[in-house]
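Work through the exercises below with the model in view. Try each task before reading its solution.

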Amino acid sequence: MPKGSPLHSLLRRADANQFDRGDVSFIVVAGAMVFLMVPGLAFLYSGLSRRKSALSLIWAVVASNAVVIFHWYFWGYSLAFSSTATNGFIGNLRNFGLMKVNADPSPGSPLIPEILYSFFQMEFACVTAAILMGGLAERGRVFPAMVFTFIWVTLVYCPLACWAWSTHGWAFEWGVLDFAGGGPVEIGSGVGGLAFSWVLGRRQERELLNFRPHNVSLVGLGTSLLWFGWIGFNGGSAFGANIRAIFAIWNTMIAAAFAGMVWCLLDYRIERHWSMVGLCSGTIAGLVAATPSSGYLHPWSSVVVGVLSGALCNFATKVKFIVGIDDALDLFAEHAVGGIVGLFLNGFFASGTIIAMDDINLGVSGGWVDHNWKQLYKQFAYICATCAYTFVMTALIAKGVDLIPGLQLRSTFEAERLGMDEVEIGEFASDYIEIRRDVTDGRWLSDLSESKKGYYEAPVAAGDRHGRPDLELHHSGHEANGNGVNGAVGDGALETIAEKPESGPIPA
């Protein structure tokens, strides 16, 4: 065969290309799906917050994504997955700036090249930091939070990822079963969010009254994007287009569906309404519990995972009241408790048959269904270690950043009253034409009687009233409208409001 012939070139290319293109394509698409979870979290958090702080949470989630991308390129991947580090706790700087990260088989799986593996794992880190940003809700400053994020990913997320997934991590070598991040992603963000909220402190009591999501449609949209991305999150963690990936996807769907139904039913027993927020919260709880377990279980086991995660995460929303920590968006209840449920149930239901479906991890024992009784205490010890390390380190990092001049994490009480959008961002998620800033400005028609016909100050129910804090049922204590002009009383006509013209002087 001539050395330069087309056939010779094709054969040499086949020898050099050791990766199946289907596996590579599958992980590329899965990584792109995981990226979609970032805007999903942004919409979810925005919808769950008050209108006056909705955009600041979108900004924090999106900005944290950029910070983590830089971090992962800079030294994050190396600290989590460098193959030459042997301490079992954290990596070294062998792959600083993605040096020596090329087309060799990845440390996580021989099915894909290391450069693709580093991209896929980067998306996991981005999602974890994005979840953590929920701790800022309605009182946190966004720039100090970005400094905190960079340090947190270095000292908390990278060690957790090394423990569970690096070939030299102590949990990996010990045989802990954590498929797609019950420890690094879910406990890291959930327990970390609780510690972060603790350091930030509670919102003002007046801001806690009558709190409710400002846009439930965004909550539904965000949850849908998260569910779609989670298919790539868990399915892609099989690191190839194989049967194990399909089981992981099926388990993800089952756990999410059952958890959503259970949470919604638990809420209905008290409220007698079919809560959309409850349905979305339960769905996310099931997705969280499926994260560490979906690649190990038979589908019937995921029914148990879904039911338990939906119920336990629902009950866990009361923990923040017991401990007195203002975990506004329930990061602990959703992510930490859901991750713990999934990890713990691996000790019972993980199956070596499902694990071997990727044709790589052959001969790996599961949990009690495989008569591997000791797996349960390994899972329990791993849960305790990740929870304790995450809470202590997150609290120390947050307190350290907060003590740096100019990097105080908590905004002022006045800024909290006005809203983070106005103070921190200068823009609004839902802008409006300002005719009257408060509904209580001006007067309402009275239909009490013909003799008393005119205008009176009407009570305003709870709810976000265009920049006015949601406090309680109240009457207006003033008559000023949004432009500083007093409302007229007398002949039944309101005084004309002088709006700012597009150009020229403001009319008197």
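**Exercise 1: one helix**

H10 bends by about 25° at Gly229; the bend is the angle between axes fitted to the seven residues ending there and the seven starting there. Helices are DSSP runs of H or I with at least four residues, numbered from the N terminus. The model is predicted: local features need pLDDT of at least 70, side-chain atom pairs need 80 or more, and totals for chains, interfaces and linings use all residues. Residues are numbered from 1 along each chain as its sequence is written, and side-chain values use heavy atoms, without hydrogens or water.

Task: compare the expected span of helix H10 with the distance between its end C-alpha atoms.

Solution.
1. H10 covers residues 216-235, which is 20 residues.
2. The expected span is 1.5 Å times one less than the number of residues.
3. That gives 28 Å for H10.
4. The end C-alpha atoms are 28 Å apart, so the two agree.

**Exercise 2: a ring pair**

Task: classify the pair formed by the rings of Tyr117 and Phe239, and say which parts the pair ties together.

Solution.
1. Rings of Phe, Tyr and Trp (its six-membered ring) pair if their centres lie within 6.5 Å; planes under 30 degrees apart are stacked, over 60 edge-to-face, the rest tilted.
2. The whole structure has 32 aromatic pairs.
3. In this pair the centres are 5.3 Å apart and the planes are at 50°, so the pair is tilted.
4. Tyr117 lies in helix H5 (residues 114-132) and Phe239 in the loop between H10 and helix H11 (243-271), so the pair ties together parts 122 residues apart in sequence.
5. Tyr117 and Phe239 are both buried (under 20% relative accessible area, 1.4 Å probe, protein chains only).

Methods. Helices (H or I, at least four residues) and strands (E, at least two) are DSSP runs, numbered from the N terminus. Buried means under 20% relative accessible area, exposed over 50%, partly exposed in between (1.4 Å probe, protein chains only).
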